[in-house]
Amino acid sequence: MKALAGTFVAILCLGASVAAQADDKELQQAIAGASQDLAENEWRKAQRELDKARGDFKDSQDSELRAQYGFYSALVNHQCADDAKVPQAERTQARTAAIAGYKEYLQTHPKSGGTLNNLAQLYAQDPAQQQWALELYDQAVALQDARSSAYELNRAKLQGEMGLNDAALKSSAEVLKKDRRNSAAQDLSLALLEKSGDIEGIARFIRGLAETGAVGTAVDTAVREIERLPGKREPVLVVLAETLANPTLQDMPGKFGASDTAKSLARFTEAPDIGGGVKELLALYEKPGDPRASYWWHQDFRYRDDQEGWFRGTTFTTLARALGDRCRRAGAESYPCAEAYYNFALEFSRPYIDTDAFLALAQIYGTTDRRDKLTAIEKRYEGELFSGKGDSISRGDLRKEYDFHLALGTMYSYLDKWSNPQWAPASAVYQLENARRVAEQYNRRNPTKPQLDFPAESAGMLSTGYEKSGDFNRAARVRVEAAKKAADAGDQYGARELIDPKWMSTLPTKGVDKAVVDQAVVLDRNLPKKKTKGT
Amino acid sequence: MNSRIFLGLLLLLGCAAVNAAPGQVLVVFKIDSVKFKDGLDPKVATTEAALTQKAAAQLQAMFPPIDWVTTAPADGAAASITVTLTQNTLPMPVISLRWTGKVGNRDLTFHDIHDWPVYDITNPIRPYRDANKLIADVDAKLLEFMRSDKTERNLHDDFVMQVPLATRVDLDMQKQAVVIPLSWARAKLADSCKFRLEFTRAEPLTQMTVLLGQVAEVLEGDDRGNTQSRLASCAASGDPIDGADRWQKCVAVLATPAAPPLLVKFEDYKFFDRVSGVAASGTAVTP
């Protein structure tokens, strides 16, 4: 009988357990449904789901499930408290209930980042409780869970509201560091900078946007800030021009006038602070005119790459050159447009030569076989190119010096000026020799930086230069050294380009060091045969 | 042309494009520059393969809802995009990247994406024979251009919007929600994203365009983890359909046994690396 009673009790217990499990299943479903509704901000639907399962919640023995029910009930109240359509009294009541619900959940789950964050959001609504909110956000952020950037952004917003601008900016910057495309963090940072009236900070922020790829956003933001700020907007206009020169913007200059950016800017041509700059900017896009008429921009040129600031002159030169690049890339029919912008950049930047604009112009003249033009720009800017090179040498700026040597060397090669008995520097050989020397010097001094690579084509050019001037020994040495370097680096075909059969057949045996000849012969023997095009 | 035949033709063209794997785009990288072709020989094919991988990886990061594949699926990809390394005729040639695209057999026009210079005239170093350097330089150039929001918008408007993402949807008739078979976690959709359903309704014969918004993750049921959306607007052969029975007229037809073939495309895609479990208000929706 006793055994039978035991069995009966066991069956009763099992029945109760099965029933409880079935009830928990419904409770689980209700919680899942409510969580879906809450994710869509449908708190009323979630409330109905949870209300229907209230009986199951009371009966459930599963403490975790009960806690979850409590969290989602608190979240229903939280969303109700945030719902502007709900009467104020009801919202206040909901807020109190949400706070109580979250606190209860935290008792058993003290490391729930979501709950700490939500509780902080509710406390943040009351100025008297904002300090608590800040502490809760700190706790949530410190957990470093997958949502920490969301907590961090909320904290930044609160810090901003509390007048802790520097801390808010720091928090917001942290979020942007993790997710550069976070538009909420971008908006917040900008709002904080505006609040503090930090115009240079705004300009730096816009520059940062462009540097991280948000070029379109940077342009729109700069224009918006020009509209919003009352004055002293010079850095913002400079950073706008800087962004407009970004290579990822590819529209032809002629299209700019019809853009929203141009239309917005056109309203500021009479502004005392930036009116002149706006007028000159719009005029540059329309048609590059007289560079001497760009007064507003013609000041502040950057002398060194590492200088920080708002360099109007350098920026405007860069923009003019960038517009020239866009025309050039559009094809030969747009070369006149490109030439106009390059010429503008060169004249505008005098006496600080823009080597890139010069090289681009030289290439166009070279391709279109206008030797007269090529000679004309050589004459006009040669002095400034040398002066720029001299400046870079006196500053010890090897990187820049290399650029000048290579630009001059390449230009003289185009002009077939291989050597110059009157003044050696005005020759391809001299400049290319020095480019090679400076590259080696730079690489020795900066072993951890990206190395300067003296191009094999330039080595070939230098060798040709030596040949033209009758120095066969050096011609062979330069070529063989470059070929050996290429072969040692695994570039067999590159080496073969330099040591080709035609060159080998003309290699003089007299006047060339035997060691160099021997090395050339070994290379010729070991290098793969030159391939014929199309095979 | 008879409108019935025209709509039938449209449908046929649409289906031809998507019977090939929807949501998959074949990425191709071609080296057309003669200097690089000669210089890299016999490593041209392997270099192209490596660059294809690089381009696909960057496109994947930029538009994650699409599957940017590097080998053609058995049924063919729904679309393809080709990046070509070109050179011009200057003495020191400018080496650029050129974009072309196709959906099905239709060539697409890229209106605002011009050639991207990799080695411009101001850069004298051209690694004609150095595959590794070329790969690194092209990858850096792709990154520079592709992380730009301007490029993102241009690629979106000229290409991504045309790519068929799916050929079926699930309907939640009770909630009046449309579930798209697209992983929510992977798609990284901003709240402003919109989908476009295109299909031909039989009676009366009309070309339907249905826009879907209010994107959200499906948190329960068989479609858990997919993307849910709601009817935003609807037009029959260009005429807007409004009113209380809009759902019935525009979407419910897809639940019938005689549901017409359909295409799902993006009307507007905006990347948002959403922190899972947080609403737009910054409130955590899970503990």
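Begin by selecting A:Glu200 and A:Arg204, whose side chains are joined by a salt bridge with N and O 3.8 Å apart. The model on display is a predicted one. Both residues belong to helix α11 (residues 199–211) of chain A, and because they are four residues apart there, about one helical turn separates them. A:Glu200 is partly exposed, at a relative accessible area of 38%, and A:Arg204 is likewise partly exposed, at 47%.

Next, select A:Glu225 and A:Arg228, another salt bridge, with an N to O distance of 3.6 Å. This pair lies in helix α12 (residues 215–228) of chain A, with the two residues three apart, about one turn of the helix. Is A:Glu225 buried or exposed? A:Glu225 has a relative accessible area of 0% and is therefore buried, the limit being under 20%. Its partner A:Arg228 is partly exposed, at 49%.

Move now to chain B and select B:Arg153 together with B:Asp268; their closest N and O atoms are 3.5 Å apart, and the two form a salt bridge. Here distant parts of the chain are linked: B:Arg153 is in helix α5 (residues 149–158) and B:Asp268 in strand β13 (residues 262–268), 115 residues apart. B:Arg153 is partly exposed at 34% relative accessible area, and B:Asp268 is partly exposed at 25%.

Return to chain A and select A:Asp138, A:Glu152, A:Arg155 and A:Lys178, which salt bridges with shared partners connect into one network. Over all chains, the salt bridges number 44.

The tour continues with aromatic rings, of which the structure contains 25 pairs over all chains. Select A:Phe386 and A:Trp423: the ring centres are 4.8 Å apart and the planes stand at 50°, so this pair counts as tilted. The two residues come from distant parts of the chain, 37 residues apart, with A:Phe386 in helix α19 (residues 371–395) and A:Trp423 in the loop between α20 (398–414) and α21 (428–445) of chain A. A:Phe386 is buried at 13% relative accessibility, whereas A:Trp423 is partly exposed at 45%.

Then select A:Trp296, A:Trp297, A:Phe301, A:Phe316, A:Phe344, A:Phe348 and A:Tyr352, which make up one aromatic cluster. Keep A:Trp296 selected and add A:Arg312, whose charged end sits over the ring of A:Trp296, 3.7 Å from the ring centre.

For the last stop, select A:Phe57 and A:Arg66. A:Arg66 lies over the face of A:Phe57, at 4.5 Å from the centre of the ring.

Note on methods. Residues are numbered from 1 along each chain as its sequence is written. Chains are lettered from A and ligands numbered from 1 in the order in which they are written. This is a predicted model: local features need pLDDT of at least 70, side-chain atom pairs count only at pLDDT 80 or more; totals for chains, interfaces and linings use all residues. Side-chain values use heavy atoms; hydrogens and water are left out. A salt bridge is a side-chain nitrogen of Lys or Arg within 4 Å of a carboxyl oxygen of Asp or Glu. Buried means under 20% relative accessible area, exposed over 50%, partly exposed in between (1.4 Å probe, protein chains only). Rings of Phe, Tyr and Trp (its six-membered ring) pair if their centres lie within 6.5 Å; planes under 30 degrees apart count as stacked, over 60 as edge-to-face and the rest as tilted. A charge sits over a ring if NZ of Lys or CZ of Arg is within 6 Å of the ring centre and within 35 degrees of the ring normal.
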